[in-house]
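Please open the model in a viewer and keep the selection tool at hand. The tour below proceeds one selection at a time.

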Amino acid sequence: TDIKMSDETIQQGGLHVCCTFLPENQRVEDQIFGRAARKGESGSAQLILNRVELRAKFPHQLKPDSDCFHIKQLRDQTEQVY
């Protein structure tokens with residue numbers, strides 16, 4: 001979907017995208033984050049993850065201090081298995 005932003009939105013920094021789940025792979029994540037800044041426009045994005053859901057998805061690999069980088073590595077390793 002092509003999102004048309006008003007001049008006011010662009011002046012205030014553009015679209016901010018909040019992704020509230022761990023995308024199934026990096027390609028999907030790139031597509032979601034790409035919605036924030038289209039055609040050279042300003043924008044930002046962030047990943048907000050639920051640790052309870054992550055524990056269910058990675059029951060033995062997730063550590064209490066796992067950061068976003070580690071969680072994405074777990075996702076990518078799981079994808080390679082399939």
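Begin with Cys19, which is buried, with a relative accessible area of 2%. This is a predicted model. Cys19 takes part in no disulfide; the nearest cysteine sulfur belongs to Cys18 and is 9.1 Å away. A disulfide is a covalent bond between the sulfur atoms of two cysteines.

Next, select Cys68. Cys68 is partly exposed, with a relative accessible area of 33%. Cys68 is likewise in no disulfide, and its nearest cysteine sulfur, that of Cys19, is 9.6 Å away. A search of the whole structure finds 0 disulfides.

Now display strand S1, residues 15-19, together with strand S2, residues 43-47. The two strands run parallel and are joined by 5 bridges. To inspect one pairing, select Leu15, whose bridge partner in S2 is Gly43. Following the chain from S1 leads through H2 to S2, a β-α-β crossover that is right-handed.

Turn then to helix H2, which spans residues 26-34. Which residues of H2 are buried? They are Val28, Glu29 and Ile32. Viewed down the axis of H2, the buried residues fall within an arc of 100 degrees, so they line one face of the helix.

Finally, select Asn25 and Arg27 at the N-terminal end of H2. Asn25 caps this end: one of its side-chain oxygens lies 3.1 Å from the backbone nitrogen of Arg27.

Note on methods
Residues numbered from 1 in each chain as written. Predicted model: local features only at pLDDT ≥ 70, side-chain atom pairs only at ≥ 80, totals over all residues. Heavy atoms only, no water. Buried < 20%, exposed > 50% of the residue type's maximum accessible area, 1.4 Å probe, protein only. Helix = DSSP H or I, 4+ residues; strand = E, 2+ residues; numbered from the N terminus. Arc of directions from axis to C-beta. Polar contact = N/O pair within 3.5 Å; in protein donor to acceptor, adjacent residues only side chain to side chain. Pairing = 2+ DSSP bridges. Right-handed = clockwise from strand over helix to strand, strands pointing away. Disulfide = S-S within 2.5 Å.
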